[in-house]
Amino acid sequence: MADLGGCPFIQTAKGNVATEDTANMLHEMGIQTGVDIKKVAELSRRMEEFLGKELPAKMHKLT
């Protein structure tokens, strides 16, 4: 979600692959995931507010 997370093996890695970005890419390819991108994007925006920092994912900023 929103590229929140990190990698214990690569210290400079900022996070994981964002759920809403991945689901959107798959939807654009015609692959249905069952993920409600708008709901995940809203949660990502709320996490930005809660953490007080901008997260690197893209879709939650566009929806």
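Here are some short exercises with worked solutions on the structure above.

The model is predicted, so local features need pLDDT of at least 70 and side-chain atom pairs count only at pLDDT 80 or more, while totals for chains, interfaces and linings use all residues. Residues are numbered from 1 along each chain as its sequence is written, and side-chain values use heavy atoms, with hydrogens and water left out.

**Exercise 1. Find how many helices and strands the chain has, and in which pattern they follow.**

Start with the rule: helices (H or I, at least four residues) and strands (E, at least two) are DSSP runs, numbered from the N terminus. Counting this way gives three helices and zero strands. Along the sequence, the pattern reads α-α-α.

**Exercise 2. Work out what share of the chain is buried, and how much surface is accessible.**

First, the terms: a residue is buried under 20% relative accessible area, exposed over 50%, and partly exposed in between (1.4 Å probe, protein chains only). Of the 63 residues in the chain, 24% are buried. Next comes the surface, using the Shrake-Rupley method with a 1.4 Å probe, where for residues only the protein chains shown count as cover. The chain's accessible surface is about 4,500 Å², and carbon and sulfur atoms hold 58% of that.

**Exercise 3. Check the length of helix α2 and describe its two sides.**

Step one is the length. The expected span is 1.5 Å times one less than the number of residues. Helix α2 (residues 37–51) has 15 residues and should therefore span 21 Å, which agrees with the 21 Å between its end C-alpha atoms.

Step two is the buried side, made of I37, V40, A41, S44 and E48. Seen down the axis of α2, these buried residues fall within an arc of 100 degrees, so they line one face of the helix. The arc is taken from the directions from the helix axis to the C-beta atoms. An α-helix has 3.6 residues a turn, so residues three or four places apart point the same way.

Step three is the other side of α2, where K38, K39, R46, E49 and F50 are exposed. For K38, the relative accessible area is 63%.

Step four is the packing: the buried residues of α2 are in contact (heavy atoms within 4.5 Å) with α1 and α3 (59–62).

**Exercise 4. Do the same for helix α1, and look just past its end.**

The buried residues of α1 (residues 19–28) are E20, A23 and N24. They cover an arc of only 100 degrees around the axis, which puts them on the same side of α1. They pack against α2 and α3. E20 also lies 8.1 Å from K38, C-alpha to C-alpha, although the two are 18 residues apart in sequence. Just after α1, G30 has a positive phi of about 85 degrees.

**Exercise 5. Locate the salt bridge and the nonpolar surface patch.**

A salt bridge needs a side-chain nitrogen of Lys or Arg within 4 Å of a carboxyl oxygen of Asp or Glu. The count is one: R45 pairs with E42, with the closest N and O atoms 3.0 Å apart. Both residues sit in α2, three residues apart, about one turn of the helix. R45 is partly exposed at 25%, and E42 is partly exposed at 36%.

For the patch, take residues with over 30% relative accessible area and no salt bridge, joining like charges within 9 Å and nonpolar side chains (Val, Leu, Ile, Met, Phe, Trp, Tyr) within 5 Å. M25, M29 and I31 form a nonpolar patch with about 300 Å² of accessible area together. Among them, M25 belongs to α1 and is partly exposed at 44%.
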